[in-house]
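Me: Could you take a close look at one part of this protein for me? I'd like to hear about the aromatic residues and what surrounds them.

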Amino acid sequence: MKFFIDTANLAQIQEANDLGILDGVTTNPSLMAKEGISGKDAITQHYKTICELVDGDISAEVLGTSYAEMVEEGKALAAIHPNIVVKIPMTKDGIKAIKYFTDNGIKTNCTLVFSAGQAILAAKAGASYVSPFIGRIDDSGWNGVQLIEQIAAIYAVQGFKTEILAASIRNANHIISCAEAGAHVCTCPLDSILGLLKHPLTDIGLAKFIDDAKKLG
Ligand code: E4P
């Protein structure tokens, strides 16, 4: 399973990349706004910087909602760097735009996916990635990991090539469950990735080893 970091914060991207296990980055308009990035030039420069930091797929989301706007913006985003993946919302115009980019050899990430039906449409349009938002599904009282399992089963039976990118990850257990359920990628906040490191028995065991190492001279 690939690991992406879900942030536009350069320090966090660098910290995750320094671990040596990072395969890419996802951003969205809310994450960009959180970093105070605004205006076309600043957004373009921010994506360039991320692409220079991380050697992997970098999802850059379109802001427009019509087919024409998404195609125009997506072309400009894809021109920033060969590793840019154009992130497009799951709408009727979005599906048409994904098909356009599939036909033109540009990678896409279909975002805001909350059902198996939406995931089937994204795969039919040739999306490189489909992003089910599992945390937001859990927040609504449903089960996000079950959706990952369902999409993984459908894609396997149908032979779809679209990769399942589990998004809206809230904690380390989400990552483990998504790995078990067949996600190809998890895009996670830095805290959730670092959460995988933690186990109290590791801390207790290491403290004992450090203590005993002192006796070895
Ligand atoms: C996915 O690519 C999105 O950026 C993200 O995972 C959304 O997560 P949230 O529900 O924490 O906003």
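Reply: Sure. Keep in mind that this is a predicted model. Let's start with Y100, which is partly exposed, because its relative accessible area is 24%, and that falls between the 20% cut-off for buried and the 50% one for exposed. F101, on the other hand, has a relative accessible area of 0%, so it counts as buried. Y100 and F101 form an edge-to-face aromatic pair, with 5.3 Å from centre to centre and 80° between the planes.

A search of the whole structure turns up four aromatic pairs. Another one of them is F4 with Y129: the ring centres are 5.7 Å apart and the planes sit at 75°, so this pair is edge-to-face. It ties together distant parts of the chain, since F4 is in strand 1 (residues 2–6) and Y129 is in strand 6, 125 residues apart. Both F4 and Y129 are buried.

Now for helix 6, as strand 6 (129–132) is part of what covers its buried residues, along with helix 5 (92–103), strand 5 (108–113) and helix 8 (144–158). The buried residues in helix 6 (residues 116–124) are A116, A119, A122 and A123. They span an arc of only 115° around the axis, so they lie on the same side of helix 6. In general, an α-helix has 3.6 residues a turn, so residues three or four places apart point the same way. Just after helix 6, G126 takes a positive phi of about 90°.

One last aromatic: F209, in helix 11 (residues 200–214), is exposed, with a relative accessible area of 62%. Together with L206 and I210, F209 forms a nonpolar surface patch with about 340 Å² of accessible area.

Methods. Residues numbered from 1 in each chain as written. Predicted model: local features only at pLDDT ≥ 70, side-chain atom pairs only at ≥ 80, totals over all residues. Heavy atoms only, no water. Buried < 20%, exposed > 50% of the residue type's maximum accessible area, 1.4 Å probe, protein only. Helix = DSSP H or I, 4+ residues; strand = E, 2+ residues; numbered from the N terminus. Arc of directions from axis to C-beta. Contact = heavy atoms within 4.5 Å. Patch = residues over 30% accessible without salt bridge, like charges linked within 9 Å, V, L, I, M, F, W, Y side chains within 5 Å. Areas by Shrake-Rupley, 256 points an atom, 1.4 Å probe, with all protein chains shown as cover. Salt bridge = Lys/Arg side-chain N within 4 Å of Asp/Glu carboxyl O. Phe/Tyr/Trp six-rings, centres within 6.5 Å; stacked < 30°, edge-to-face > 60°.
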